Structures are given as structure tokens and as C-alpha cells.
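Colleague: Hi, have you got a minute to walk me through this protein? I'd like to get a feel for the fold before I go back to the bench.

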Amino acid sequence: MAASAAPLRAALARSPAAASARAPTAFLPLPPRARRLNPAVLASGRGRRIRAEATARTRQEKEQQEAEVSAVEDSFAVREAAAAPPPEEEGGFDEELTLAGEDGDWVVRFEQSFNVFLTDTVIFILDILYRDRDYARFFVLETIARVPYFAFISVLHLYETFGWSRRADNIKVHFAESMNEFHHLLIMEALGGNSVWLDRFLARFSAFFYYFVTVGMYMLSPRMAYHFSECVERHAYSTYDKFLKLNGEELKKLPAPEVAVNYYMNEDLYMFDEFQTSRAPNSRRPKVDNLYDVFVNVRDDEAEHCKTMKACQTHETLRSPHAVQSSIEADAE
């Protein structure tokens, strides 16, 4: 019996077709459709047509998947902005305001022209009062600069209370902006910018008045309020940039205030990333070696505020950088 089985095994080994015909179906990895097509059909014109259709379907599915991925990436502007170098690497921040063109809405042109006129008037007054007192001027600027974000949050909370709208990301980003300006204010106080009583009174009285003006402006036209805040932030950037160019060498010899070191070198910079909606989280980590670095960081913060305020004018709903990042990861999965 054993002798008769040996020639049979040898014959099966020499005949692959016979071996495959006798093999259990569990060892056949072919799909059901492939098992129903014999080699003669595959070699015929019908088989070539089937292979062409399968190739076309595969190519179509791949193109559709690539289009969906591209749409996801394009839907989040922060992905492109994260790849752009920061202002100090680009050779400066564009300090010129871009007003609506001749083809733009006349309402927008009126709002922007009014904001520019109001900003220039305030700048003219500050130039007279603080011509040679830089730190006092910075203290006044930072006291005023954080007011709009508190005003925006107040109006948004009011709208939520009445059920008119709910924009959690806007509130979150504006709160982060307010915290950033608050730390700028602490830095200027540490440098002695609030040492004179008259400066403190003028800054706080102006902030009190500015709050109600911003609330009214924001309820009337959020676009106008955001543009006015952009004008203020652009002036702040220009002021710090000019100060750095005039006093750079001297500032490099002075130590950084402790409050600046604690803020910029903190391990938890979640709120620091939150107000920078034009870049991905963790893409900007400042250094603080001396007072020059502190003012560079403050100047670049103002540039990020300008970008966020500009985005608020063009996007109906502002997206938190962390929310965008999580959405990108979810879509990628």
C-alpha cells in the first residue's frame, strides 16, 4: 500500500494543475470572482476588458481619495501658514494697512477710513505726551490694547445668553489674546512704565472709555471693530520695531524681567499658542536671553494679533489653532 502511494504523490508533484484541483479550498487565496474565470476567458477580449475596468476603477478611487485629502488640507488655512517663516525671518512685518479697493463695498471703505482716522488721531496725541518716555508709552499702549478682547468676549457672552449665537472658539481665542496683552502689561510695569500717577490715570481712563466704544462698535459691526483693533495692533508693532532699531545694542546688555522669563519660558504655553491663529501650535518658541529678546517677542506677538484680527474680518467663524489641529488629525485618521 505504501509502495502504491509513492507513485501517486510523485505524479501529483509533477502535475500542478492536478495538485491545485485536489487542494482544499481553504488554501486558495483567490477571490470568488477570480475563481469563476478560467484562463481562456482571461486571455480573451472579455478578460482584457475586465482587467481594464478593474484598473480604471482603482485609478478612479485613488484620484477620489487624493481629492478628499486635498480638500481637507485646503479647508484649514493654518496648515499653509505654519510653513511660513515668522516675521523676524521674513525681514519684517507688513505695516501698511490694506484698505478696500474701488470695487469694494462703500460701507467697508467708510469703516476702514474712519478707523484709520481715529487711530492716527490717537497716535498724534501719544506722540505729544510721550515723545521721550518709551516705557510709559508702552504701559499706556498695553493697558489699552487688551481692552478690545474683553469687549469682544462680553458681547459674545451676551449673544450666547440670549441664544442668538454660540462661538466658543472666538471666546477662547480672544481670551488668549487678552492674557497675552496682560503679560505685556506686566512686563512694562516691571520696567517702570507705570511709575507716574498721571500715566496710570490716563491709561486706565482711556481703557474705560475705549471699552464701551468697542462694545458699541462690535454690536454695530464686528468687522469694523476687528479692523480698528488691527489698526491699534499694527501701531503697537511699528512702535516696538522702531524702538528695537534705535536701542538694540543697549537692550542686549540689559537683563530680561523675571515676569517675561516666566511667561515665555513656561512649560505650559497652551494659551500662548491659542491666540496665534495663523500658525500651528508649538511652531513658535521664543528665547529670552536679555531685554532685547523680550521686546522682539512682544513685537512679534503684536504681529500675530494683527493676523488674527485680519482673519476675524474675513472668516465668519474663527477657529482655535488647537481645534484646527485636532480636526486635521481626525480627518487624517
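Modeller: Happy to, and we can go from the overall fold to the helices, the core and then the charged pairs. Please keep in mind that this is a predicted model.

Colleague: Good to know. How many helices and strands does the protein chain have?

Modeller: There are 17 helices and zero strands in the protein chain.

Colleague: And what share of the residues is buried?

Modeller: Of the 333 residues in the protein chain, 39% are buried. The accessible surface comes to about 19700 Å², and 59% of that belongs to carbon and sulfur atoms.

Colleague: What about contacts between residues far apart in the sequence?

Modeller: Among contacts with a separation of 6 or more, 78% are between residues 24 or more positions apart.

Colleague: Let's pick one helix. What can you tell me about α12?

Modeller: Helix α12 covers residues 197–220. Its 24 residues should span 34 Å at 1.5 Å a residue, and the end C-alpha atoms are 35 Å apart, so the two values agree.

Colleague: Which residues of α12 are buried?

Modeller: They are Asp199, Ala203, Ala207, Tyr210, Tyr211, Thr214, Val215, Met217 and Tyr218.

Colleague: And what do those buried residues pack against?

Modeller: Against four helices: α8 (106–129), α9 (134–145), α10 (147–161) and α13 (222–251).

Colleague: Is Phe201, in that helix, buried, exposed or partly exposed?

Modeller: Phe201 counts as partly exposed because its relative accessible area is 46%, between the 20% and 50% cut-offs. Phe201 also belongs to a nonpolar surface patch with Val196, Trp197, Leu198 and Phe205. Together the five have about 560 Å² of accessible area.

Colleague: Nonpolar residues on the outside, then. What is the usual tendency for such side chains?

Modeller: In soluble globular proteins, nonpolar side chains tend to be buried together.

Colleague: OK, new topic: the inside. How many residues are in the largest nonpolar core?

Modeller: That core has 55 residues, and Met188, Tyr264 and Phe295 have the most contacts inside it. The elements giving it two or more residues are α9, α10, α11 (168–190), α12, α13, α14 (258–264) and α16 (291–314). The largest share, 10 residues, comes from α13.

Colleague: What does Tyr264 touch, leaving aside its neighbours within four places in sequence?

Modeller: Tyr264 is in contact with His184, Ile187, Leu269, Phe272, Pro286, Val288, Asn297, Val298 and Asp301.

Colleague: You listed α14 for the core. Is Glu258, in that helix, buried or exposed?

Modeller: Glu258 lies in α14 and is exposed, because its relative accessible area is 62%. The C-alpha atoms of Glu258 and Ile187 are separated by 8.5 Å, although the two residues are 71 apart along the chain.

Colleague: Nice. Now the charges: how many salt bridges does the structure hold?

Modeller: It holds 12 salt bridges. One of them joins the side chains of Glu304 and Arg279, at 3.2 Å from N to O. That pair links distant parts of the chain, with Glu304 in helix α16 and Arg279 in the loop between α15 (270–274) and α16, 25 residues apart.

Colleague: Is that Glu304 buried or exposed?

Modeller: Glu304 counts as buried, because its relative accessibility is 1%. Arg279 is buried as well, at 6%.

Colleague: Which residue does Arg284 pair with?

Modeller: Arg284 meets Asp301 in a salt bridge, at 2.7 Å from N to O. Here too distant parts of the chain are linked: Arg284 is in the loop between α15 and α16, Asp301 is in helix α16, and they are 17 residues apart. Both Arg284 and Asp301 are buried.

Colleague: And which residues are joined into a network by shared salt-bridge partners?

Modeller: Asp300 and Arg299 form a salt bridge at 3.1 Å from N to O. Salt bridges with shared partners join these two with Asp241 and Lys245 into one network. Asp300 is buried at 2% relative accessible area, and Arg299 counts as buried at 11%.

Colleague: Last one: what is the phi of Asn282?

Modeller: Asn282 has a positive phi of about 70 degrees although it is not a glycine. Most residues other than glycine have a negative phi. Asn282 sits in the loop between α15 and α16 and counts as exposed, at 57% relative accessibility.

Terms used: Residues numbered from 1 in each chain as written. Predicted model: local features only at pLDDT ≥ 70, side-chain atom pairs only at ≥ 80, totals over all residues. Heavy atoms only, no water. Patch = residues over 30% accessible without salt bridge, like charges linked within 9 Å, V, L, I, M, F, W, Y side chains within 5 Å. Areas by Shrake-Rupley, 256 points an atom, 1.4 Å probe, with all protein chains shown as cover. Salt bridge = Lys/Arg side-chain N within 4 Å of Asp/Glu carboxyl O. Buried < 20%, exposed > 50% of the residue type's maximum accessible area, 1.4 Å probe, protein only. Expected span 1.5 Å × (residues − 1). Contact = heavy atoms within 4.5 Å. Core = buried A, V, L, I, M, F, W, Y, C linked by side-chain atoms within 4.5 Å.
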